[in-house]
Amino acid sequence: MPAVLSRITGLALRYPWRVALTVVTSLFATIANLALPRLFGRSIDEAHHLLAKGSAGSAAATHTLLIIALTVIVATGARGFLTMAAGFQGEYLSQKVGLDLRLRFFQQLQRLSFGFHDRVHSGDLITRGMLDLEGARSFIQQALAPSLSLVLQLGFSAYMMIAIDPWMALIGLSFVPVASFALGRMGFLLRVAWLRVQQFQSQLTLIMEENLQGIRVVRAFAGRAFEMAKFDAAAKSVLAVQYERLTLRFKGLAGMQLSYYAALGALLWYGGDQVLAGRMSVGKLTEFSIYMTFLQAPIRQIAMIFSTAARATSSGARLFEVLDLEPEVADAPNAGALSAGDGVLRFEGVGFAYDPIKPVLHDITFEVGPGRTLGIVGPPGSGKSTIANLIPRFYDVTQGRITIGGTDIRTVTLSSLREHVGLVQQESFLFDATVGHNVAYADPWADDERIEAAARTAQIHDHVSRLPQRYETRVGERGVAFSGGQRQRMSIARGVVPGPGIVIFDDSTAAIDAVTERKVREGLAAATRAKTTVIIAHRLSSLMHADEIIVLSHGRIAERGDHASLLAAGGAYAELFELQSRAASGALEPAA
């Protein structure tokens, strides 16, 4: 059994009582099923023997047949009940394993670092967590649980056939080598086909997810025809590989069935000749034929099992590929909770690169303590947001170190670090929940007063108060019921609620008008008076009040100082301030 199937089986064995019930019910269902040919064979021989005695044996034959018929009905009923019980137990067991895998996969996605999510598209992860997981789960229900019954049925039927007549058994089982070859070939090719199916399904999910997220862009630029063509091509690719998979399966099944019926025809010819020669009774031939017929259903079931196992192998491999990953950023073995000490945030010669050959930051050094504000400005791509992501340790520095209260953040637990560091990002993602839930997301137990105070600080309370259900109003998917500026203000309120020791605003007022931004800035100044504050912005009005401002250029600190000193220096900061001032006053000439 491949390693992937062994791991899936191991997950099922975590429920030993459920496995035991599945095994026991399958065993007894098979025994009840295998008793039927013997009953039929003996009843026919007994009736034939009694009828041979003439009218005296006719009544006895009728009585005997009645008893045997009742016995068959009882055995059939028992088989049906036990088969149903075995099916239920197998389904229940597979669903429990599916739940375990689902929870483990979702938990793993929460553990894995931002670097992983940067590389892997969410559409592919959705496919792995839904379709691949279902493929792995179904192995227990459709392959593992029926296997015991199948082995017993095949083994006992073959044994009884050999016991009745070895030569006839040899003829009847002559299809086994052909069927084995067909199964082996089909299983190998199906594993490859199922892997391609899952890969194409990932692409299809990716296209659909991306289209739904960008549906407004598609409509605005009349991109419907292009998107339909792209989706149609991906869907046809999935259909083509599904056809290939079905063709492989039915070719293998056809080869098995053809060899089986050829063996059955040879068996009936030889057995009929034996009966006519008086060397075998009609009952024995009937019993033998029923055992042979019993092999037909397992043949089809074996094909299903091989197909399910092939899917589980490819699907499970893709699933475990994610489950086996270790986060690139994780707690050190001896990590302890963060003790903020004096609360000073320091960057000491920090360098960082997403790609080793393309450094993003070079020798960044600064410090900012409680009650003080650091402003960071620079052109796009200069490394501003990277600095913001390094502080809560979404990524690890490649050079230098970052400390809080003198403690290297790599030596403390991520949970304690992120409780101390609050990051309000430019992308203001909102959950499809109530306003109150979104604002209090970082602290679900926050009382109404704290939620309202945070909303007032972010200048969103007045708008919320006019909503039909106030803080119980649902915001819609991704906050569709709110404007961009309103979503940003709700995001700011969410960052204020937990009251972390270090607050980082990463261009979090970009979608807010200048008047509202000033009010938000005044509210934040009061709310973060005793905190360490880092403000990253393109608009200098957002950070000109900072105690220190650093100007980034190509990942390096080009200028630093307060607003007045940077203006006096006449460098890049002064040029940017003059440009934005002229634009704000309307004196900027329009572009030709």
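**Rings, strands and cores in a predicted model**

Visitor: What does Tyr92 count as, judged by its relative accessibility?

Guide: The model is predicted, and the relative accessibility of Tyr92 in it is 34%. Buried would need under 20% and exposed over 50%. Because 34% falls in between, Tyr92 counts as partly exposed.

Visitor: In which helix do Phe88 and Tyr92 both lie?

Guide: The two residues are 4 places apart in the chain, which is about one turn of the helix. The helix that holds both Phe88 and Tyr92 is α3.

Visitor: What kind of pair do the rings of Phe88 and Tyr92 make?

Guide: A search of the whole structure finds 7 aromatic pairs. In the pair of Phe88 and Tyr92, the ring centres are 6.2 Å apart and the planes stand at 35°. Planes under 30 degrees apart would count as stacked and over 60 as edge-to-face. The angle of 35° fits neither, so the pair is tilted.

Visitor: And what kind of pair do Phe114 and Tyr395 make?

Guide: A pair of aromatic rings is described by the distance of the centres and the angle of the planes. For Phe114 and Tyr395 the centres are 6.1 Å apart and the planes are at 85°. An angle over 60 degrees is the cut-off that matters here, so this pair is edge-to-face.

Visitor: How many residues apart are Phe114 and Tyr395?

Guide: Phe114 belongs to helix α4, residues 114-119. Tyr395 sits in the loop between α12 and β4. The pair links distant parts of the chain, and the separation of its two residues is 281.

Visitor: Is Tyr395 buried or exposed?

Guide: Its partner Phe114 has 34% relative accessibility and counts as partly exposed. Tyr395 has a relative accessible area of 11%. The limit for burial is under 20%, so Tyr395 is buried.

Visitor: Which residues do ring pairs link into a cluster?

Guide: Phe114 and Tyr395 are both members of the cluster. With the other rings joined to them through ring pairs, the full list is Phe114, Phe352, Tyr354, Phe394 and Tyr395.

Visitor: Which strands stand at the edges of the open sheet of 6 strands?

Guide: The strand order is β6-β7-β8-β3-β9-β10, and the pairing is mixed. A strand at the edge has a single partner strand, so one side of it is left without a neighbour in the sheet. Neighbouring strands are turned by 20° against each other on average, direction ignored. The edge strands are β6 and β10.

Visitor: How many bridges join β3 to β8?

Guide: Strands β3 (residues 373-377) and β8 (residues 532-536) run parallel. Thr373 has Thr533 as its bridge partner, and Leu374 has Val534. The number of bridges between the two strands is 4.

Visitor: In β9, what is the bridge partner of Val377?

Guide: Strand β3 also pairs with β9 (residues 548-553), in the parallel sense and over 4 bridges. Val377 takes part in this pairing, and its partner in β9 is Val551.

Visitor: How many of the 5 residues of β3 are buried?

Guide: Thr373, Gly375 and Val377 point one way from the strand, while Leu374 and Ile376 point the other way. Residues on both sides are buried, so β3 is largely enclosed by the rest of the structure. The count of buried residues in β3 is 5.

Visitor: Which element gives the largest share of the largest nonpolar core?

Guide: This core has 57 residues, and those with the most contacts inside it are Ile8, Leu101 and Met292. Among the elements that give two or more residues to it are α1, α3, α10 and α11. The largest share is 10 residues, and it comes from α11.

Visitor: What arc do the buried residues of α1 cover around the axis?

Guide: The buried residues of this helix are Val4, Leu5, Ile8, Thr9, Leu11 and Ala12. Their arc is narrow enough to put them on the same side of α1, because it is only 155°.

Visitor: Where is the place of His554, a residue with a positive phi?

Guide: Most residues other than glycine have a negative phi. Phi of His554 is near 55°, and the residue counts as exposed at 69% relative accessibility. Its place is in the loop between β9 and β10.

Terms used: Residues numbered from 1 in each chain as written. Predicted model: local features only at pLDDT ≥ 70, side-chain atom pairs only at ≥ 80, totals over all residues. Heavy atoms only, no water. Pairing = 2+ DSSP bridges. Axes fitted to C-alpha atoms, helices over the stretch in contact; angles between N-to-C directions. Core = buried A, V, L, I, M, F, W, Y, C linked by side-chain atoms within 4.5 Å. Buried < 20%, exposed > 50% of the residue type's maximum accessible area, 1.4 Å probe, protein only. Arc of directions from axis to C-beta. Phe/Tyr/Trp six-rings, centres within 6.5 Å; stacked < 30°, edge-to-face > 60°.
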